Structure formats: C-alpha cells, structure tokens
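Please open the model in a viewer and keep the sequence panel visible. The tour proceeds by selection, one stop after another.

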Amino acid sequence: MPLPVLTDPGTASRMRVLPRQSEKSVATSRAQCLPGVLAALLAWCSLVSTLGCDLERRKSDAELGLTAQQAAGRRIYQDRCERCHEPYSTKDKKGPGLEGLFKHPYLRVSGLPANDERVSDIIRHGRKDMPGYGQVLTAQQMADLLAYLDTL
C-alpha cells in the first residue's frame, strides 16, 4: 500500500502509525464486545418496557362509546387539557387526574361540588397554575367538553 503524500512537513510529526490488525484479531475484538452490546441492548429493552407499563394504546371514540358531542369534547380536551390532566387516571400531572370527575359529590382538590356549573367555572376562570379558557372556548365547545368530562 503506498504511503500518503504529505504537503505539510509538520503533519508527519503529528501522525501516528497504528499497527495493522489481522482479520483474526478484529474478529476476536468484535466477539469480546458482543456481550457488552447485548447487555446494553437488554438493559435498554428493560427500561423501555418498565417505562411503558403506564402507557396503553389510546382507544378510539367508538371503542369508548362516545357520542358525536362527547367526541368533539375529547378533541378539545386533547388540545387544551391533556398536557396537564390525565383523563383516565387519578394520577396527577401538573394538575389532578380527572378519572371519575363527576362520580364523587365533591372535586378532589378544591372540595367544590362536582357538577357542571362548578367545573365550567374552573375551566372558564382557571385556578392557581391553570389558565382560564373563558375567552377561548365557545359555549358549544364548553358544552362538548363537559359532555366528554362526564364520561371519565
């Protein structure tokens, strides 16, 4: 194999000549790395499966048995609310999870009555870290959203 032609005389002093490995030693090196690669891959798969335990496939509107109004409310919820509120869980994100929102007489965090009037007030005016959507949602969108929240 011909040597490269150097145009800069200072380059030769900075170059290091590496010994050429035989094909057998390259194969041996790869075989020695394989257990480490497999262990890393196994650890990654374990991490992904552990993190994925709380995740489940998002059900369609039909699978949830939603009416057209509830489905419209679900789209509003996904656009405006879901980043802070879990719909099918009581786990908190930034705000409380909303599963069973209207199934109890009082709201879990505020203690206010769990009814359309109180919930729509909260949505319209907001709370501590929650913005109000009174200037954003139309009356129909609010009705659609409340219809969806009633399914949780």
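The stops below concern a predicted model, and each names what to select and what is found there.

**Stop 1: helix 5**

Select residues 116-125, which form helix 5. Begin at its start, where a side-chain oxygen of Asn115 comes to within 3.2 Å of the backbone nitrogen of Glu117. Then move to the other end: just after helix 5, Gly126 adopts a positive phi of about 80 degrees.

**Stop 2: the two faces of helix 5**

Which residues of helix 5 are buried? Colour Val119, Ser120, Ile122 and Ile123, the buried residues of this helix. They lie on the same side of helix 5, because the arc they cover around the axis is only 155 degrees. Now add residues 139-149 to the selection: this is helix 6, against which the buried residues of helix 5 pack. Rotate the view to the face turned away from the buried side, and the exposed residues Glu117 and His125 appear there.

**Stop 3: Arg124**

Remain on helix 5 and select Arg124, which is located in this helix. Is Arg124 buried or partly exposed? Its relative accessible area is 34%, so Arg124 counts as partly exposed, the range for that class lying between 20% and 50%. Display its surroundings next: leaving aside residues up to four places away in sequence, Arg124 touches Gly132, Tyr133, Gly134 and Met142. For a distance check, pick the C-alpha atoms of Arg124 and Gln135; they are 7.6 Å apart in space, while the two residues are 11 apart in sequence.

**Stop 4: Arg74**

Move to residues 68-80, helix 4, and select Arg74 within that helix. Arg74 has a relative accessible area of 5% and is therefore buried, the limit for that class being under 20%. What does Arg74 touch, not counting residues up to four places away in sequence? The contacts to display are Arg58, Lys59, Ser60, Asp61, Leu64, Leu66 and Tyr148.

**Stop 5: the largest pocket**

Finally, show the pocket surfaces and choose the largest pocket, which holds about 900 Å³ of space. Its lining comprises 32 residues, and those closest to its centre are His85, Gly95, Pro96, Leu98 and Met130. Helix 4 and helix 5 are the elements that give two or more residues to this lining. Helix 5 gives the most, with three residues. Colouring the lining of the largest pocket by residue class shows 16 nonpolar, seven polar and nine charged residues.

Terms used. Residues are numbered from 1 along each chain as its sequence is written. This is a predicted model: local features need pLDDT of at least 70, side-chain atom pairs count only at pLDDT 80 or more; totals for chains, interfaces and linings use all residues. Side-chain values use heavy atoms; hydrogens and water are left out. Helices (H or I, at least four residues) and strands (E, at least two) are DSSP runs, numbered from the N terminus. Buried means under 20% relative accessible area, exposed over 50%, partly exposed in between (1.4 Å probe, protein chains only). Contact means heavy atoms within 4.5 Å. The arc is that of the directions from the helix axis to the C-beta atoms. A polar contact is a pair of N or O atoms within 3.5 Å; within protein, one must be able to donate a hydrogen and the other to accept it, and residues adjacent in sequence count only if both atoms are side-chain atoms. On a 1 Å grid over the protein atoms alone, a cavity is a set of points where a 1.4 Å probe fits but cannot get out, and a pocket is an open set with protein on both sides within 12 Å along at least five of seven lines; lining residues have an atom within 4 Å of a point. Grid points are joined across faces, edges and corners, and a volume is the space filled by probe spheres set on the points. Ala, Val, Leu, Ile, Met, Phe, Trp, Tyr, Cys and Pro count as nonpolar, Asp, Glu, Lys and Arg as charged, and the others, Gly among them, as polar.
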